[in-house]
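Dear colleague,

I am passing on the structure we spoke about, and below it I have set out what was found. Please have the model open while you read, since the notes move from the whole chain to particular residues.

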Amino acid sequence: MKVVTPVPPSLFQAFAGNWGAFLLRGIAAILFGVLAWGWPALTLTALVLLYAVYALADGILSIVVGVRGRDGPYALLGLLSLAAGIVVLLLPGLTALLLVYLIAGWALVIGVLEIITAIRLRRQIEGEWLMALAGLLWLLFAGYLIAFPGAGAVSLVWLIGTWAIVLGLLQIALALRLRRWSRGGPTPA
């Protein structure tokens, strides 16, 4: 049995009445993704600034919807996006480099832990070498990002671009559904 938490009518009406904001968010995300894919050799700073513009636009539009719908958490989401965009604008080079090194550190820790776990399990399981090999691949990935942060950033551009396009398509689909609901179409259960 599916339990549905009722949504306050004012929030639903605010979302449906502001379907255009969701549409603009989706279009902005797709535009960001296409630009990221179209210019994969962007410098780290240019990539980060492009993200900052997207975060600012997303933040502003989320705040508008959250305030109109009297939904504090949604407005807070917008404030967080807006704050992220501002920080990135103020410190673009540092932000990009920190992101690449954060991912490298994460990969390094995972690789080490995978290898340690494989060694500890070698007497209990067969094929522990697969886990050790996975750990080694994580370590190689971390080393690559540390040695070549610019190339790592280009790879991240493609990943982020893909994410933005998928997110944009989902936002547009939601906007079209909200538009139908705002015009008296069948409402959600």
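The accessible surface of the chain comes to about 11500 Å², and 76% of that area belongs to carbon and sulfur atoms. Please keep in mind that this is a predicted model, and that the values in this message are computed from it. Of the 189 residues in the chain, 31% count as buried. The chain has seven helices and zero strands, and from the N terminus on its elements therefore read α-α-α-α-α-α-α under the helix and strand assignment used here. Among the contacts in the chain with a separation of 6 or more, 75% are between residues 24 or more positions apart.

On the interior, the largest nonpolar core has ten residues in all, namely Leu11, Phe15, Ala16, Ala21, Phe22, Val65, Tyr74, Ala175, Leu178 and Trp181. The elements that give two or more residues to this core are helix H1 (9-17), helix H2 (19-38) and helix H7 (149-182). A second, separate core has six residues, and Val100, Ile103, Ala153 and Leu156 are among them. As general background, nonpolar side chains in soluble globular proteins tend to be buried together. One member of the largest core, Tyr74, may be worth displaying with its surroundings: leaving aside neighbours within four places in sequence, tyrosine 74 is in contact with Phe15, Phe22, Arg25, Ser62, Val65 and Gly66.

Arginine 25, which appears in that list of contacts, also leads to the charged pair. The structure holds one salt bridge, and this is formed by aspartate 58 with arginine 25, whose closest N and O atoms are 2.5 Å apart. Because aspartate 58 lies in helix H3 (residues 44-68) and arginine 25 in helix H2, the pair ties together parts that are 33 residues apart in sequence. In general terms, side chains of opposite charge can pair when their charged atoms come close. Is each of these two partners buried or exposed? Aspartate 58 has a relative accessibility of 10% and therefore counts as buried, and arginine 25, at 11%, counts as buried too, the cut-off for buried being under 20% relative accessible area.

Aspartate 58 has a further partner, since a polar contact of 3.3 Å joins its side chain to that of serine 81. Leaving aside neighbours within four places in sequence, the residues in contact with aspartate 58 are Arg25 and Ser81. Serine 81 lies in helix H4 and, at 16% relative accessibility, counts as buried. With the same allowance for sequence neighbours, serine 81 is in contact with Ala55, Leu56, Asp58 and Gly59.

Another residue with partners far along the chain is isoleucine 165, which is placed in helix H7 and, with a relative accessibility of 24%, counts as partly exposed. The C-alpha atoms of isoleucine 165 and phenylalanine 32 are separated by 7.7 Å, although the two residues are 133 residues apart along the chain. Leaving aside neighbours within four places in sequence, isoleucine 165 is in contact with Ala29, Ile30, Gly33, Val34 and Trp37.

Turning to the surface, a nonpolar patch of about 570 Å² is made by Ile86, Val87, Leu90, Leu91, Leu94 and Leu98. Helix H4 (72-90) and helix H5 (92-121) each supply at least two residues of the patch, and the largest share, three residues, comes from H4. Leucine 91 has its place in the loop between H4 and H5 and is partly exposed, with a relative accessible area of 43%.

One backbone detail deserves a look as well. Which residue other than glycine has a positive phi, near 50°? This is arginine 70, which is found in the loop between H3 and H4 and is exposed, with a relative accessible area of 73%. For context, most residues other than glycine have a negative phi.

With best wishes

Notes: Residues numbered from 1 in each chain as written. Predicted model: local features only at pLDDT ≥ 70, side-chain atom pairs only at ≥ 80, totals over all residues. Heavy atoms only, no water. Patch = residues over 30% accessible without salt bridge, like charges linked within 9 Å, V, L, I, M, F, W, Y side chains within 5 Å. Areas by Shrake-Rupley, 256 points an atom, 1.4 Å probe, with all protein chains shown as cover. Salt bridge = Lys/Arg side-chain N within 4 Å of Asp/Glu carboxyl O. Helix = DSSP H or I, 4+ residues; strand = E, 2+ residues; numbered from the N terminus. Buried < 20%, exposed > 50% of the residue type's maximum accessible area, 1.4 Å probe, protein only. Core = buried A, V, L, I, M, F, W, Y, C linked by side-chain atoms within 4.5 Å. Contact = heavy atoms within 4.5 Å. Polar contact = N/O pair within 3.5 Å; in protein donor to acceptor, adjacent residues only side chain to side chain.
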